[in-house]
Amino acid sequence: MKVVLFCGGYGMRMRSGAADDVPKPMAMVGPRPLIWHVMRYYAHFGHTEFILCLGYGAHHIKDFFLNYEETTSNDFVLRGGRTELLSTDISDWTITFAQTGVESPIGERLRRVRHHLDGDEMFLANYADVLTDAPLPEMIDKFARRDAGASMMVVPPQSSFHCVDLGDDGLVGGITAVSELPLWENGGYFVLRQEIFDHIPENGDLVADGCAQLAKRGRLVAHQHRGFWKPTDTVKERAALDAAYARGDRPWAVWERDSAGARA
């Protein structure tokens with residue numbers, strides 16, 4: 001299945017200064033940017049056709065792949081001054097680079113790459129800045145069996161704050177951690193059918209317009225995931241993932257886990 005990645009936003013909370021024009025998906029986690037980790041996740045499950053919805057800082061993403069260094073994340077032999085790779089990341093990837101506008105909302109970005117989907121009944125979509133260990137084949141299979149227009153992965157609230165139940169007299173009746181409330185957040189991993197385009201207006205949003213309209217019609221399903229899921233909305237969150245990578249704690253790297261299991 002084709003994978004549409006939204007990677008054209010400003011990512012203001014990830015920027016270190018006014019001169020920093022690197023888009024958020026290009027923020028580094030270990031030796032590779034976020035977008036690579038997301039793409040590697042999909043490729044592990046056999047989905048290697050990517051459509052990148054470019055916008056702000058697009059040249060950084062183009063340059064990364066045009067000058068891709070396989071030796072950064074693959075073992076190799078240097079023989080007679082020539083590099084012989086023992087494995088490869090992207091040799092079987094097909095990547096379409098589509099400029100979808102600097103100011104375009106996500107729904108409009110999706111509309112602008114519709115012709116690259118070749119009319120495929122189902123396709124995948126992602127914000128390109130969230131890492132997870134979610135079971136993608138299960139997510140796809142469950143959706144394929146449903147009569148619905150879209151599936152959205154949802155996760156428990158990530159906030160560490162607490163909600164306070166107040167009475168009219170100002171007395172606190174109870175305190176509950178946000179993560180314990182019966183609520184779910186949009187996890188940013190989507191399985192979509194072409195029907196989604198019927199509900200996204202010009203300059204519309206994927207979730208607020210497309211998914212919301214499908215929900216009203218009873219045609220939006222959710223895949224609940226309680227496993228690993230981490231966003232990178234801020235510098236602090238990105239730094240935490242980078243530190244986890246450095247100490248070998250990277251549950252999102254399902255390709256490493258599964259290959260290790262196969263060797264064992």
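# Briefing on a predicted chain

The mean positions of the 28 positive and 36 negative charges of the chain lie 2 Å apart. The model is predicted. Its secondary structure comprises 7 helices and 15 strands. Of the 264 residues, 45% count as buried.

**Overall dimensions and surface**

- The radius of gyration is 20 Å, which agrees with the value near 18 Å for a compact globule, because the chain has 264 residues.
- The C-alpha trace spans about 80 × 45 × 45 Å along its principal axes.
- The exposed area of the chain is about 13,300 Å². Carbon and sulfur atoms supply 50% of that area.
- Among contacts with a separation of 6 or more, 74% join residues 24 or more positions apart.

**Helix α1**

- Helix α1 covers residues 34-44 and is mostly covered, with 10 of its 11 residues buried.
- The buried residues of α1 include the aromatic positions W36, Y41 and Y42.
- L34, I35, V38, M39 and A43 are also among the buried residues of α1.
- H37 and R40 are buried in this helix as well.
- An α-helix has 3.6 residues a turn, so residues three or four places apart point the same way.
- G46 follows α1 and has a positive phi, near 95 degrees.

**The β5-β6 hairpin**

- Strand β5 runs over residues 76-79 and strand β6 over residues 82-85. The two pair in the antiparallel sense, over 4 bridges.
- R79 stands opposite R82 in β6.
- The two strands, β5 and β6, form a hairpin with 2 residues between them.
- G80 sits in the turn of this hairpin and has a positive phi of about 60 degrees.

**E108 in helix α3**

- E108 belongs to helix α3, residues 106-112.
- Its relative accessibility is 6%, so E108 counts as buried; the cut-off is under 20%.
- Leaving out residues up to four places away in sequence, E108 touches P201, E202, N203 and G204.
- E108 and C53 are 55 residues apart in sequence. Their C-alpha atoms are 10.0 Å apart in space.

**The loop between β13 and α5**

- H199 is found in the loop between β13 (185-193) and α5 (206-216).
- H199 has 14% relative accessibility and therefore counts as buried.
- Leaving out residues up to four places away in sequence, H199 touches D209, G210, Q213, L214 and R217.
- N203 lies in the loop between β13 and α5 too. N203 is also one of the residues that E108 touches.
- N203 counts as partly exposed because its relative accessibility is 46%.
- Phi of N203 is positive, near 60 degrees, and N203 is not a glycine.

**D118 in the loop after α3**

- D118 is found in the loop between α3 and β8 (122-126).
- Although D118 is not a glycine, its phi is positive, about 55 degrees.
- At 57% relative accessibility, D118 counts as exposed, because the cut-off is over 50%.

Definitions and conventions
Residues are numbered from 1 along each chain as its sequence is written. This is a predicted model: local features need pLDDT of at least 70, side-chain atom pairs count only at pLDDT 80 or more; totals for chains, interfaces and linings use all residues. Side-chain values use heavy atoms; hydrogens and water are left out. The radius of gyration is taken over C-alpha atoms; the globule rule is 2.2 Å times the number of residues to the power 0.38. Buried means under 20% relative accessible area, exposed over 50%, partly exposed in between (1.4 Å probe, protein chains only). Contact means heavy atoms within 4.5 Å. Accessible areas come from the Shrake-Rupley method with a 1.4 Å probe; for residues, only the protein chains shown count as cover. Lys and Arg count as positive and Asp and Glu as negative; His and the chain ends are not counted. The place of a charge is taken as NZ of Lys, CZ of Arg, CG of Asp or CD of Glu. Two strands pair if DSSP finds at least two bridges between them.
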